[in-house]
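Reader: I am beginning to study protein structure and would be grateful for a close look at a single part of this one. Please describe how that part is put together, step by step.

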Amino acid sequence: MPTNLPPEYTKVEQRFRQARDPEEKADLLEEMLSIIPKHKGTDHLRADLRRKLAKLRDTGAKAKGGSRQTSAFHIDREGAGQVVLLGPPNVGKSALVSAVTNARPEVAEYAMATWTPTPGMMEFEHVQIQLVDTPSINPDYVEPEMVNLIRRADLIAVMIDLQGFPIEQLEESIAYLQERRFEPYVGEPPEDTPGITHKPLLVIVNKVDDERFDEDFDVLCELIEGNRSLIPISVNARRNLDGLGRAIFDALRIIRVYSKPPGESADLTAPFVLPIGSTVEEFAASVHRDFVDNLKSARLWGSAQFDGQMVARDYVLQDGDIVELRM
Ligand SMILES: Nc1nc2c(ncn2[C@@H]2O[C@H](COP(=O)(O)OP(=O)(O)O)[C@@H](O)[C@H]2O)c(=O)[nH]1
Ligand SMILES: [Mg+2]
């Protein structure tokens, strides 16, 4: 055993040894893998853990007849990205999921109405995004499985209440994340740090119900420290929900690219969703795997200098590009 493992690792490993449920064991293995520093000295250990993990996931799937959803906190990712909504009680997390997705979690005036995570699909300009409502952050009771849910998510959206104590709520939520070794960031992902999971963060400021609250929101933005990305909305008044869709889409760092069959027009309601920075070659592979070997040429409408311009395989695509692929 290499001696340079962080102390958290030993703690999680202990829990792993004591755990019985394969699902829980697998989640703990994932956690261990995220803690181990990545370098030559840990190659063997990491490979070993990954083997164990694959085996556990496999037995889990068999035991469940194909589905390994034993825990309510294990939510299979669907669509272009999984966004976990996080925050103190009563800020409107369930109300938002209920308003913009097909899911109907309970919305209540009393705190702690939500006990299990509820996923729902929200659409932004023909892109399906998964929003996950979660039990509120509660200082008196910490749900250990939340850590796994957060680790798997593509984006953390912390929700706060403009008409409550938004600054304290944001600070508490960030502290909650940092205590669990998540480091939220805005914009480009930072370099790997052993023992820390970097996660993109968007801050949703709810209950900006009408113009009278706009000024409060501006003041809040000035008071909040650090580089945070804040988006004002009101679920009840349905204010800026489209803006929220755009903000989530941008924070997921994805682009939409459309395939245009030769001689036809592109179906603009059916985008391919790719990570920012994807090339023509990567797009082609996602359209059809035969293109991987047989792509002859590609023409582009959108970010090219002129419509229908020929582009190389390594051309980096932009959101909204239309590409005609030929074998
Ligand atoms: N004024 C106002 N109240 C809201 C808004 N969104 C939600 N609420 C109310 O806030 C309370 C808590 O909502 P809920 O979704 O259960 O909060 P959660 O605990 O974060 O899931 C409910 O009474 C909602 O009606 C909003 O945009 N404006
Ligand atoms: Mg709720």
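Author: Two strands are said to pair if DSSP finds at least two bridges between them. The model shown here is a predicted one, and the part chosen is a sheet, together with the helix H8.

Strands of a sheet pair through backbone hydrogen bonds, and this pairing may be either parallel or antiparallel. Here, five strands form an open sheet in the order E9-E8-E12-E10-E11. The pairing within this sheet is mixed. At its edges lie strand E9 (272-275) and strand E11 (309-311), each of which pairs on one side only. From one strand to the next, the twist averages 40°.

Let us now consider one pair of neighbours in detail. Strand E8 covers residues 254-259 and strand E12 covers residues 321-326. E8 and E12 run in the parallel sense, and three bridges join them. Across this pairing, Val257 stands opposite Asp321 of E12.

It is also instructive to look at what comes earlier in the chain. Helix H8 spans residues 241-251. Its buried residues are Leu241, Leu244, Gly245, Ala247, Ile248, Phe249 and Ala251; to count as buried, a residue must have under 20% relative accessible area. After H8 comes Arg253, which has a positive phi, near 55°. Strand E8 then begins at residue 254, and with E8 we return to the sheet, where this strand stands between E9 and E12 in the order.

Note on methods:
Residues are numbered from 1 along each chain as its sequence is written. Chains are lettered from A and ligands numbered from 1 in the order in which they are written. This is a predicted model: local features need pLDDT of at least 70, side-chain atom pairs count only at pLDDT 80 or more; totals for chains, interfaces and linings use all residues. Side-chain values use heavy atoms; hydrogens and water are left out. Buried means under 20% relative accessible area, exposed over 50%, partly exposed in between (1.4 Å probe, protein chains only). Helices (H or I, at least four residues) and strands (E, at least two) are DSSP runs, numbered from the N terminus. Axes are lines fitted to C-alpha atoms, for helices over the stretch in contact, and angles run from 0 to 180 degrees between N-to-C directions.
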